[in-house]
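Hi there,

Here is the structure I promised to pass on. Please have it open while you read my notes underneath.

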Amino acid sequence: MSPRNFFIGGNWKMNGSVAQVKSLVEGLNKINVPAQTEVVVAPPALYIDRVRANLKKEIGVAAQNSYVKASGAYTGEISPEQLKDLGIDWVILGHSERREYFGESDEFVGEKTAHALKAGVSVIACIGEKLEEREANVTADVVTRQLKGVADKINDWTNVVVAYEPVWAIGTGKVATPEQAEEVHVTLRNWLSTNVSKEVADSVRIIYGGSVNAKNAAELATKPNIDGFLVGGASLKPDDFNTIVQARL
Ligand code: PGA
């Protein structure tokens, strides 16, 4: 089991309505957050304010994206300073859906991470290989290149959680095996040890994402380098999400 505090993120993506968000928050408020466990949910930006206002304080709230400026003529964007203003302490950056559909580069994700941290917003930085990359045996190259995009732009990793999310596992029901995930997490930790510092490698949380559910979470959580999960689909079902939150107990 991981020696670090467990971290569970719920990524709602572009899902929900006023009514659904209300019932999700009611369900989440019943969750008992265990000791040494951090829980953060990421609603769509439109609902973030009402979620923060109605969700119990033991559960953190994250945005799903943020920009590299504090304010200005950037139509449609949200700044980490504005998130902070609403009491939002986290942001998910570099999710594979943003890389794929919105063309976000490793460098841009690194810039966004640096800006969010500067504004006092903690970052869940997402990386992960595509199926063809895994099949071509370049997984380690891809994920360390993506991690370098972040490492090149920041010095302090205290408020960063790295989410390893193989693209082939996201929303597919095809979860990585605990061994597959552990192997990549070890690769990432070794890369951090060599290229950043041993201290950062030992302390940074590396969480797994991609078809995590109430049935497979406990086994994944036994691995020493899996420090938690980023959960998509199952985070929309409070009972399942609760099971995942309790997975390490
Ligand atoms: P999933 O999504 O749990 O629905 O596979 C994970 C994610 O994209 O963070």
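Below are my notes on the ligand site, one helix and two loop residues.

First, some ground rules: this is a predicted model, in which local features need pLDDT of at least 70 and side-chain atom pairs count only at pLDDT 80 or more, while totals for chains, interfaces and linings use all residues. Residues are numbered from 1 along each chain as its sequence is written, and side-chain values use heavy atoms, with hydrogens and water left out.

Let's start with the ligand. It is surrounded by 13 residues, where a residue counts as near if one of its heavy atoms lies within 4 Å. The closest are Lys 13, His 95, Glu 165, Gly 171 and Ser 211. By type, this shell divides into four nonpolar, seven polar and two charged residues (Ala, Val, Leu, Ile, Met, Phe, Trp, Tyr, Cys and Pro count as nonpolar, Asp, Glu, Lys and Arg as charged, and the others, Gly among them, as polar).

Oxygen atoms of the ligand have several protein partners. A side-chain N or O atom of Lys 13 is 2.7 Å from a ligand oxygen. From the backbone, an N or O atom of Gly 171 lies 2.6 Å from a ligand oxygen, and a polar atom of Gly 232 is 2.8 Å from one. On its own the ligand has 280 Å² of accessible area, and the protein covers 95% of that (Shrake-Rupley method, 1.4 Å probe).

Next, helix α1, which spans residues 18-28. Helices here are DSSP runs of H or I with at least four residues, and strands are E runs of at least two, numbered from the N terminus. Val 21, Leu 24, Val 25, Gly 27 and Leu 28 of α1 are buried (under 20% relative accessible area; exposed is over 50%, and partly exposed is in between, with a 1.4 Å probe and protein chains only). Seen down the axis, these buried residues fall within an arc of 160°, so they line one face of the helix; the arc is taken from the directions from the helix axis to the C-beta atoms. They pack against β2 (37-42), α2 (48-54), β3 (59-63) and α11 (238-245), with contact meaning heavy atoms within 4.5 Å. On the face turned away from the buried side sit the exposed Ala 19 and Lys 22.

Finally, which loop holds Ser 211? Ser 211 is in the one between β7 (205-209) and α10 (217-220). Ser 211 has a positive phi of about 60° although it is not a glycine, and is buried at 17% relative accessible area. Asn 137, also not a glycine, has a positive phi of about 65°. Asn 137 lies in the loop between α6 (131-135) and α7 (139-151) and is exposed at 70%.

Best wishes

How values were computed:
Polar contact = N/O pair within 3.5 Å; in protein donor to acceptor, adjacent residues only side chain to side chain.
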